[in-house]
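Student: I should like a close look at a single part of this assembly. Please take one chain and describe how it is built and how it meets its neighbour, then set the other interface beside it.

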Amino acid sequence: MLNGIPLYWYLIVAAAMFCIGLYGALARTNAIAVLMGVELMLNAVNINLLAFWRYLTPESPAGLAFAAFVFIVAAAEAAVGLALIISVYRNMNSIDPEKLDLMKL
Amino acid sequence: MSKELLLTLTWLVPFPPIIAFMLIALFANKHRSLTTAIAVGGMVLTTLFSFIIFFNVAGSYKLGAAPLRSQFAWIPTGSTTFNVGVAVDPLSAAFLFMVPLAATLIFIYSTSYMGNDPRYTRFMGYLSLFAGSMMGLVVSDNLLSLFIFWELMGFCSYSLIGFFYNKPSAYRAAVKAFMTTRIGDMLLVMGMVYLYSQTGTLNFFDTMRNEEVLHHLAATPAVIPGMTAASLIGLLIFGGTVGKSAQFPLHVWLPDAMEGPTPVSAMIHAATMVSAGIFMALRFFPLYESAAHVGDTTAFTVIGWIGATTALLGALIAVGQYDIKRVLAYSTISQLGFMVAAIGIGGYIAAAFHLLTHAFFKALLFLGSGSVIHGVEHGHHHLHAHGHDNHGGHGHDDHGHGHDDHGHGHDDAHAQAAFDPQDMRNMGGLWSRMPVTFVTFTIGGLALMGAPFITAGFWSKDEILAHAYHGMTHGNPLATVVFWTLCIAAVLTAFYTARQIFMTFAGEPRTEAAAHATENPAAMTVPLIVLAFFALTVGYMNIPSDFEFAYIRFGAIAKGFGIDHWFGHFIEGMLPVPEVLPKFDPTPVAFSVGIFLFGGLLGLIFYGLKPLKAGETDPVENLGGIFTALNNRLYFDELYRKLFINPLQRFADSYSGNVDKGFIDVFLHAAYTVLSDIAEVFKWFDKKVVTGTSDLVGNVFRRVGHEGRELQTGQVQNYLLSALIAAVVMMVFFLVFQ
Amino acid sequence: MTVAQIVFILLSVVGLGAALLVVTTRNLFHAALYLIASFFAVSGFYILLEAGFFAAAQFLVYIGAISILFIFATMLTRTVRGMVPRNSQWQAALFVSVILFVAMLLIFSPANFSLPFGQGRTFGGAEWQFAEVPNKPGVLRDVPASSINDFGRALVDLNQYGIALLLSGLLLLIGMVGAIWVARERKPREILAERARMAAEEAEERAKAAAKAPEVSVAHAAVAHDAHHH
């Protein structure tokens, strides 16, 4: 109980944010919006990680390292994803995931 | 030569021509020279075998009592077997001489006569089969195998008469021949069955040469009261002869059989097939005799009357015919009547003798007529179609249609009526244009007329008359009838033969075609010459030892050569009790000579002194209504048609219409309807259920695939959702069920 | 009710509210702004969790870089005035999300996740074990003062996370290069050539599978316009 906040409060908030981000990733018709949802999910994950680190193993840097790498990867992924979206937009003139269905049979 | 070798040869005798037939049919159908080689080769081989056998047994007068026999068990019949085999007894030996010789000559003749026919190979094939079956009939030692070959010959006759099958008259004639002889064959089968049931065997030697069997048969009363089994069996079997040898009333097929090619007429209807009927009657002679011995003369009476009637009938109708082959056909009928009449009065040797001589000169006459027709036809063609003088002994143009189908195969359109090269009115003057044919034909004609002492026909006919005269003077009423009838018939024979010869050969040609007729090649004339030789000489083998006429002791001369009455002695071995030969009486000889002179003179007067010119009416026509009746063959065909054929036809139509179509077919249609309804049910089942199921399976998969394919939207969010749902489900599952 | 709790509740309201707005608003630009707000809230959570470094990192990375990226991308891909309607599967997505949330609620419930915890408590049938759990269960421990130092050393130490750090550096490099290359500016002719090539490929694919061809309107003028502007 850190300052009166039990662990599970963080977990629930993170879960909620994760699910919100998930909905956004699934239900939006703009690829950038989908990426926004993905970022929300990553943030929720980070909250989860750091909450567990603080409440369970605060003396170990492992949790911090994990969270750090999540940051790094999220950033890289956002950058590349947005670049791709721009490229897709230039070629297909649309970034609606529903329209980008060339991979179907 | 050993008995075993002779018997082996006897077994082999029928085979070469039959094998020739098979080879021709299977392999040589398209090759003429090969067919010729096979057919003639087969026949020559058979002649060789037959002659070897004949000349080995000819010296023995005891052959009848102890014939060469060889049998094998064929059909098991309970505790016994039915045996079948070959035998050489005097009668078959005599035929072994005559039949292959005549057949070979006819074969050689055919190679030239039918050489241009497009269906030549078929002809030779059938002819071979026919010759083979005749030989088989001759060497058979039992009635069953004889009957088998008899029927086979009937089939060959049918095929050969109807050889020009595109002509309606030809195929109708073939059917008529077959059907008419069938009636006789039916009687023969009944006789065969009756004989077997009475004696348990059909072997000739075991029945006809066996006194016990004969006595038994003569003693047994027949199923028809008043007759003995012997005479009934004999008459039934004689029924086959009536059919096959064209006796009255079943004679109607033989004239129509002239539709076939001339070699066929010569072979089948002179030398062999019709002779087979007499041959069989001769084989069963002991039956008639044994019946007569116990007082039942029914068989002899019937046979004698039929023979006499036929002889007279044939001769009468022959007088009124214009077609050269028709005259010969009726002449054959008449002469067969002579033989049958001879049998009827007990003249076994006389009948057999006349059978042999007749075969030779009748074959000669038929082949000669063929030669004449051939020559006249060629004259006609040369004249109308091609118009070049291509004469000189080989006047064969490739006409593409055979002979005897005259009148319809000319390639140039004739405005006038079709030219009939067989009509004697279109001939005349051929003596100079076809000399060999003329001489040989005349020899044959003289033999038929019974020219005294020089022709074989005289000796055999005289023997019959002598026998009849003897019977007449010894109180046999049948013999009286026979004698006078045969005398009249012989006069008519001489007359119509003379008429035929003069009309054909004498005087000036009556048509352009006759004027351009040519002699035929050697393949046709040489057989004529050979047959003419036999027609002259074969009679000398049966001169009675005490024969003397006009102070010439013919018998003594013959005795000097050692051949007096050779044939008679040889053949009488066939009978269990030898025939009692009458002592020589010159009266019948005088009759014979007188008949020949009278008939011949009549012919000479009307036809020879002033040969007919073109357009002149035939003197015979002066008989008016009689002539018309004779020309129309005494309306027998019309009578039969009215009496038998039309009612049968009506019955058949009625049966077919009412019973077959109306009654039986109803059941068939009902059955069909039921079955077809059942089939409908199955069809529905098949369509709906079976096909439906299989279609359903296919459709299910297709739709599953189709729907399943929809999963692949290509949209990322869809895939993500699917993955998530899967994860959630698993998680829920994990949570709830743990 | 402590101050921390109140702050927590406020932060969660802001964060979750902003998040909700991110995923529901139809205006893409507004969504980006709401996202920034959400990041702020998350940063506050990190402070509450005594992970100050990460709070700062959150500011720098997310708010400072990623959000700007988002705004740039939004501007560069303006289609139909940046309207973002719901897509066709939103109900299913909503349902699944709610289910997931409920499931996670059940898992992350006080029954399972109050301290003391991990002491022979079973969850899902397994005994939870923690490595490095000191021998004082049920007591919240303090963050040592040298936490950041340890963290820094751990990142550099090749025996610990040094390799991972190097790799992530490499990852960032590759990502950077890739992003630059993929989204590079193209000359008009280049763009036309690329368009032509892509059109040819598309026609081929359409001929093969009769696939739904996306609209390839030749709007190279607009792109060239953008390129010039860029």
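Tutor: Of the 738 residues of chain B, 57% count as buried, where buried means under 20% relative accessible area with a 1.4 Å probe, protein chains only. The model is predicted, so local features need pLDDT of at least 70 and side-chain atom pairs count only at pLDDT 80 or more, whereas totals for chains, interfaces and linings use all residues. Residues are numbered from 1 along each chain as its sequence is written, chains are lettered from A and ligands numbered from 1 in the order in which they are written, and side-chain values use heavy atoms, with hydrogens and water left out.

Chain B contains 29 helices and two strands; these are DSSP runs, helices being H or I with at least four residues and strands E with at least two, numbered from the N terminus. Among contacts in chain B with a separation of 6 or more, 79% come from residues 24 or more positions apart, a contact being heavy atoms within 4.5 Å. The chain exposes about 30000 Å², of which carbon and sulfur atoms supply 68%; such areas come from the Shrake-Rupley method with a 1.4 Å probe.

Toward chain C, eight residues of chain B are in contact with nine residues of chain C. Together the two chains bury about 890 Å², 77% of it on carbon and sulfur atoms; buried area is the accessible area (1.4 Å probe) lost when two parts are put together, summed over both. On the chain B side, B:Leu721, B:Met731 and B:Leu735 lose the most area to chain C, together 45% of what that side buries. That side consists of six nonpolar, two polar and no charged residues. The rule finds zero salt bridges across this interface, a salt bridge being a side-chain nitrogen of Lys or Arg within 4 Å of a carboxyl oxygen of Asp or Glu.

The other interface joins chain C to chain A. Here 93 residues of chain C are in contact with 80 residues of chain A, and about 8300 Å² is buried between them, 73% of it on carbon and sulfur atoms. One salt bridge is counted between these chains: C:Glu50 pairs with A:Arg54, their closest N and O atoms being 3.0 Å apart. Several helices of chain C each supply at least two residues to the side that touches chain A, including α1 (3-24), α2 (28-48) and α8 (188-209). Of the contributors, α1(C) gives the most, with twelve residues. By class, this side of chain C has 60 nonpolar, 20 polar and 13 charged residues.

Conventions:
Nonpolar A, V, L, I, M, F, W, Y, C, P; charged D, E, K, R; others polar. Buried < 20%, exposed > 50% of the residue type's maximum accessible area, 1.4 Å probe, protein only.
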